[in-house]
Amino acid sequence: MPSHTHPDARTAKNHTQDDARGADRINVRDGFSAEDVKNLSSVLNALLADVFALYLKTKNFHWHMSGAHFRDYHLLLDEQADQIFAISDDIAERVRKIGGTTLRSIGHISKLQRLSDNDQEFVAARDMLVELHSDNRALVDSLRAAHEVASKANDYATTSLIENWIDEAERRAWFLFESTR
Ligand SMILES: [Fe+2]
């Protein structure tokens, strides 16, 4: 399969189908092959679902924190949640910029997320930090995997953003780890 197909060729093939025309309007491939768009969208949307899941879990633990270190941990998790939330828009907009479509609902997130929710009634402070540490380490692994896909597609804007997100996730993991010792 050729890695780059001229957009006019695709439009001509699809012009008889209204559905296909609708899809063409939302899928604007700009410099990436159909296969690259598919692979990049899939890896970035799964990453975005994990980011939302981790954001909400971090807020959940921020809201339900308890114990002797309440103030420190409550504030630490708020800082981390802000940092996690900030990357969500950038991930979604990267998907749109390369010509893919991104998440549309909470239901969509729950279908794609790989990090698990924690709906327990009570979680001890230390267990919260241990769990978030492990989730942030898992996010680093997913970011590295996404970096590989973006790198293969020569999507340097995405690789460059991901490099910063890895540094931020490693910093969060570091703070969480040191707080549990
Ligand atoms: Fe708060």
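## Briefing: an all-helix chain

Of the contacts in this chain between residues at least 6 apart in sequence, 77% join residues at least 24 apart. Keep in mind that the model is predicted. The mean pLDDT for the chain is 90, and its secondary structure comes to 7 helices and 0 strands.

**Confidence**
- You'll find a pLDDT of 70 or more at 83% of the residues, alongside that chain mean of 90.
- Residues 1-5 have pLDDT below 50, and this stretch has 6 contacts in the model beyond near neighbours in sequence.
- Residues 7-12 also sit below 50 in pLDDT, with 3 contacts in the model beyond near neighbours in sequence.
- Where pLDDT is low, don't read the predicted coordinates in detail.

**Overall build**
- Walk along from the N terminus and the elements go α-α-α-α-α-α-α.
- The chain has 181 residues, and 29% of them are buried.

**A look at Ser42**
- Ser42 is in helix α3, which covers residues 34-64.
- Is Ser42 buried, exposed or partly exposed? Ser42 has 15 other C-beta atoms within 10 Å, so it counts as partly exposed: buried would take 20 or more, and exposed 12 or fewer.
- Ser42 and Leu112 are 70 residues apart in sequence, yet their C-alpha atoms are 9.4 Å apart in space.

Definitions and conventions
Residues numbered from 1 in each chain as written. Predicted model: local features only at pLDDT ≥ 70, side-chain atom pairs only at ≥ 80, totals over all residues. pLDDT = per-residue confidence, 0-100. Contact = placed C-beta atoms within 7 Å. Helix = DSSP H or I, 4+ residues; strand = E, 2+ residues; numbered from the N terminus.
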